[in-house]
Amino acid sequence: MYGMIDGTGFEVLAPSFQSCLIGHARVERLWTGARWAEGPAWFAAGRYLVWSDIPNNRMLRFDDTDGSVSVFRQPSNNSNGNTVDREGRLVTCEHLARRVTRTEHDGSITVIADRFEGKRFNSPNDVVVKSDGSIWFTDPDYGILIDYEGQRAESEMGACHVYRADPDGRITRVADDYVKPNGLAFSPDERMLYIADTGASHIKDGPAHIRRHAVGEDGTLSRGEVLAECTAGLFDGFRVDREGRIWSSAADGVHCLTPEGQLIGKILIPEMVSNVCFGGPRLNRLFICGTTSLYSAFLAVNGISPIGS
Ligand code: MG
């Protein structure tokens with residue numbers, strides 16, 4: 001299924017986006033057959049990508065050595081966002097178990113966070129690990145609203161917030177003024193944390209933007225401001241490249257934003273995009289989860305290694 005496919009392309013909205021592109025590179029569809037693909041994470045040592053197929057309660061693995069796709073974990077507790085920590089371990093948000101876990105080097109699973117102040121989380125959605133080992137995650141209620149991506153349940157929290165789990169196990173609420181916090185990523189110097197709010201998915205005129213917060217030395221966040229409003233659907237998951245550009249999911253593909261929030265170009269995808277991740281040995285290949293399919297595009301930019309460079 002490699003090759004050029006209908007509905008894909010690159011849309012240059014500002015000259016600076018041209019330098020992000022490779023002239024003859026094309027969007028590839030690597031695999032299809034998911035119901036709602038999410039949470040891509042690249043494992044450099046093994047040269048594979050893991051991602052979630054949330055409604056099918058499984059995680060899949062794309063093997064870069066031969067292009068094959070296989071089931072990585074099933075059941076997956078309706079896993080959603082995934083990332084890799086500083087030691088190369090998988091960190092996963094699980095809707096059904098309403099927790100964040102880490103898969104250890106021996107394959108065992110450690111619970112990082114499943115409640116705060118005695119209350120269960122809603123359904124952790126997306127996660128990022130800072131270089132100090134702290135694990136930051138969002139907790140909207142998509143996994144408990146209906147039975148499709150988890151299991152319908154009452155919210156014990158009563159709202160949707162953002163949290164930080166420190167290496168010593170302590171959990172702190174770092175933002176409490178989001179409607180439905182979703183994707184999140186740090187700037188290359190980790191002085192900024194970007195967080196998407198997808199509140200418009202269920203609330204008319206609700207938020208559909210990414211906010212930017214300054215990260216304090218003590219791990220607190222500034223109140224932050226809106227960095228960019230989404231011009232096509234919602235910003236769900238996203239990643240930041242080495243130059244600080246934000247590559248975000250949107251309804252019509254991937255939107256590339258400058259660190260100042262200007263939309264400079266798009267990678268057009270014929271399905272709604274949920275999340276992206278840089279991978280490949282040089283981190284110059286953007287893997288794109290688009291509803292039923294996994295896509296990729298080689299770019300003239302590089303992602304940030306989650307385990308340091
Ligand atoms: Mg998400």
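Mentor: In what follows, Ala, Val, Leu, Ile, Met, Phe, Trp, Tyr, Cys and Pro count as nonpolar, Asp, Glu, Lys and Arg as charged, and the others, Gly among them, as polar. By that rule, the lining of the second largest pocket divides into 11 nonpolar, eight polar and three charged residues. Please keep in mind that this is a predicted model, where local features need pLDDT of at least 70 and side-chain atom pairs count only at pLDDT 80 or more, while totals for chains, interfaces and linings use all residues. Residues are numbered from 1 along each chain as its sequence is written, and side-chain values use heavy atoms, with hydrogens and water left out.

Trainee: What makes Asn125, Asn182 and Asp236 donors of the magnesium ion?

Mentor: Donors are N, O and S atoms within 2.8 Å of the metal (3.2 Å for Na, K and Ca). Asn125 and Asn182 each offer OD1, and Asp236 offers OD, at 2.1 to 2.2 Å, so these atoms meet the cut-off. Water is not among the atoms, so the site may look incomplete. Along the sequence the donor residues follow the spacing N-x56-N-x53-D. Asn182 sits in strand S17 (181-186) and Asp236 in the loop between strands S20 (225-229) and S21 (238-240), a pair 54 residues apart.

Trainee: Are Asn182 and Asp236 buried or exposed?

Mentor: Both Asn182 and Asp236 are buried, a word that stands for under 20% relative accessible area (exposed is over 50%, partly exposed in between; 1.4 Å probe, protein chains only).

Trainee: Which residues lie nearest the centre of the second largest pocket?

Mentor: Trp36, Tyr142, Ser201, Leu234 and Asp236, out of 22 lining residues. Asp236 is also one of the magnesium donors. The volume of this pocket is about 380 Å³.

Trainee: Why is such a space called a pocket and not a cavity?

Mentor: On a 1 Å grid over the protein atoms alone, a pocket is an open set of points with protein on both sides within 12 Å along at least five of seven lines, whereas in a cavity a 1.4 Å probe fits but cannot get out; lining residues have an atom within 4 Å of a point.

Trainee: How do you know that S7-S8-S9-S10 is an open sheet?

Mentor: Two strands pair if DSSP finds at least two bridges between them. Strands S9 (99-103) and S10 have four bridges, so they pass; Thr101 stands opposite Val111 there. S7 and S10 (109-113) each have a single partner strand, so one side of each is left without a neighbour in the sheet. The pairing is antiparallel.

Key
Helix = DSSP H or I, 4+ residues; strand = E, 2+ residues; numbered from the N terminus. Points joined across faces, edges and corners; volume = space filled by probe spheres on them.
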